[in-house]
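Trainee: I am new to this one and would like a friendly tour. Could we look at it together?

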Amino acid sequence: MASLNDLPIRDDLRGLTPYGAPQKHVRIELNVNENTHPIPEDVATDIVTAIAEAVLNVNRYPDREFTALRESLAAYLGTGLTRDNIWAANGSNEVLQQILQAFGGPGRSVLGFPPTYSMHSIIARGTGTRWLAGERDENFEISPRTAVDWIERTRPDLVFFCSPNNPTGTPLSLETIVAAYEATDGIVVVDEAYAEFAPAGLPTALSLLEGRERLIVSRTMSKAFAFAGARLGYLAADPAIADALRLVRLPYHLSALTQAAATAALAHSTEMLAMVDDIKSQRDRLLVELPELGYPAWPSWSNFVLFGGVADPHAVFETLLDQGIIIRDLDIPHHLRVTAGTAAETTAFLEAMAGLGAIGRIGA
Ligand code: PMP
């Protein structure tokens with residue numbers, strides 16, 4: 001068998017490692033920020049009915065413009081958006097990839113602020129876009145001044161923000177987004193994959209779209225909607241952005257089955273989102289109980305918590321795995337990240353943390 005190095009692969013891909021969150025099926029999976037609640041059975045029945053109808057027509061290509069789905073997504077987001085403001089793809093990762101295909105690419109660059117979602121830099125590399133790593137302020141925050149300084153220093157073609165940020169859970173102020181937008185002629189992307197887990201009623205970057213044709217807000221059904229396996233991500237932006245993405249997307253990229261499933265799920269958005277409050281309360285429990293066990297936790301507006309004070313994160317990861325619990329080791333010194341699960345899953349995780357010896361809490 002040949003190795004990767006034997007192949008005439010692109011020079012800029014040589015030596016890279018792929019996205020590699022371990023995908024292990026164990027009793028309690030709290031590692032990739034999924035919604036651990038299964039979707040309600042009546043919604044599942046409706047989704048299956050919609051797929052059953054769609055499958056009768058799979059001899060034909062799907063609606064290339066996924067019009068009904070865009071209408072449903074616009075109605076879900078509200079805030080005056082119409083289907084023309086919406087674009088979708090197989091997960092928000094694909095949306096981000098299409099954005100970089102259209103606005104990045106060889107000779108262009110994207111500025112991000114690590115620690116942030118690891119796929120941002122991986123998608124940048126895959127599209128030949130240079131990744132520029134900015135730095136955050138204290139507490140993983142990004143002030144308007146910091147964003148503007150990095151933009152002025154690096155002159156990127158795109159700026160990627162993540163709000164709330166993965167893996168830290170940190171929210172981003174609208175002032176920072178506005179300041180960044182005004183400091184660049186490029187595209188500003190706000191990845192709002194976890195927006196539904198933020199405090200209810202607060203405006204998100206969606207409220208900034210009006211009059212800002214270079215601003216893109218990306219969202220996903222993978223998290224709050226418990227739809228990770230179906231693969232549906234989307235964006236809201238000026239209609240001209242969707243026109244740009246039509247130049248790079250593959251025709252018929254969203255299968256008729258995906259369109260049917262997502263549209264059916266959106267018809268039940270209230271029920272699909274019913275678990276969000278429960279997940280938020282489990283997250284808030286982690287924010288209180290982890291520090292009580294001696295692990296300081298970073299404030300989080302998402303469905304996960306990054307916590308520190310861990311003597312040996314690799315050993316803790318393995319010990320929990322032996323007990324059938326998988327969380328995430330992101331190579332941040334003395335830190336680990338855990339997804340808020342159901343009450344029972346969260347309890348099992350906290351009990352396992354309480355039972356760690358010297359590998360656990362620093363100084364234990
Ligand atoms: N953005 C962020 C910040 C994420 O954490 C994730 C998934 N972990 C995604 C985007 C991609 O999600 P998907 O492709 O499932 O929509």
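**Two domains and a ligand**

Mentor: Let us begin where the domains meet: about 2,300 Å² is buried between domain 1 and domain 2, with carbon and sulfur atoms giving 66% of that area. Buried area here is the accessible area (1.4 Å probe) that two parts lose on being put together, summed over both. This is a predicted model, in which local features need pLDDT of at least 70 and side-chain atom pairs count only at pLDDT 80 or more, while totals for chains, interfaces and linings use all residues. Residues are numbered from 1 along each chain as its sequence is written, and side-chain values use heavy atoms, with hydrogens and water left out.

Trainee: Which residues of domain 1 lose the most area to domain 2?

Mentor: Together they make up 32% of what the domain 1 side buries. The residues are Ile39, Met272 and Trp301.

Trainee: Where are the bounds of the two domains?

Mentor: The bounds come from an automatic or database domain assignment. Domain 2 covers 41-267. Domain 1 is given in two segments, 23-39 + 270-359.

Trainee: How many residues of domain 2 are in contact with domain 1?

Mentor: Contact means heavy atoms within 4.5 Å. On the domain 1 side, 24 residues take part, and they meet domain 2 residues numbering 32.

Trainee: How many residue pairs are in polar contact across the interface of domain 1 and domain 2?

Mentor: A polar contact is a pair of N or O atoms within 3.5 Å; within protein, one must be able to donate a hydrogen and the other to accept it, and residues adjacent in sequence count only if both atoms are side-chain atoms. With both residues of each pair at pLDDT 80 or more, the rule finds nine.

Trainee: Which element gives the most residues to the side of domain 1 that touches domain 2?

Mentor: Helices (H or I, at least four residues) and strands (E, at least two) are DSSP runs, numbered from the N terminus. α9 (269-272), α10 (275-292) and β9 (304-307) each supply at least two residues to that side. With four residues, the element that gives the most is α10.

Trainee: Now the ligand: which oxygen distance does serine 222 show?

Mentor: Ser222 is among the closest of the 13 residues that surround the ligand, each with a heavy atom within 4 Å of it. A polar side-chain atom of asparagine 166 lies 2.8 Å from a ligand oxygen atom, and a backbone N or O atom of serine 92 lies 2.7 Å from one. For a polar side-chain atom of serine 222, the distance to an oxygen atom of the ligand is 2.6 Å.

Trainee: Asparagine 166 also precedes a proline; is the peptide bond to proline 167 cis or trans?

Mentor: Proline 167 lies in the loop between β5 (158-162) and α6 (174-183). With omega near 15 degrees, the bond from asparagine 166 to proline 167 is cis.
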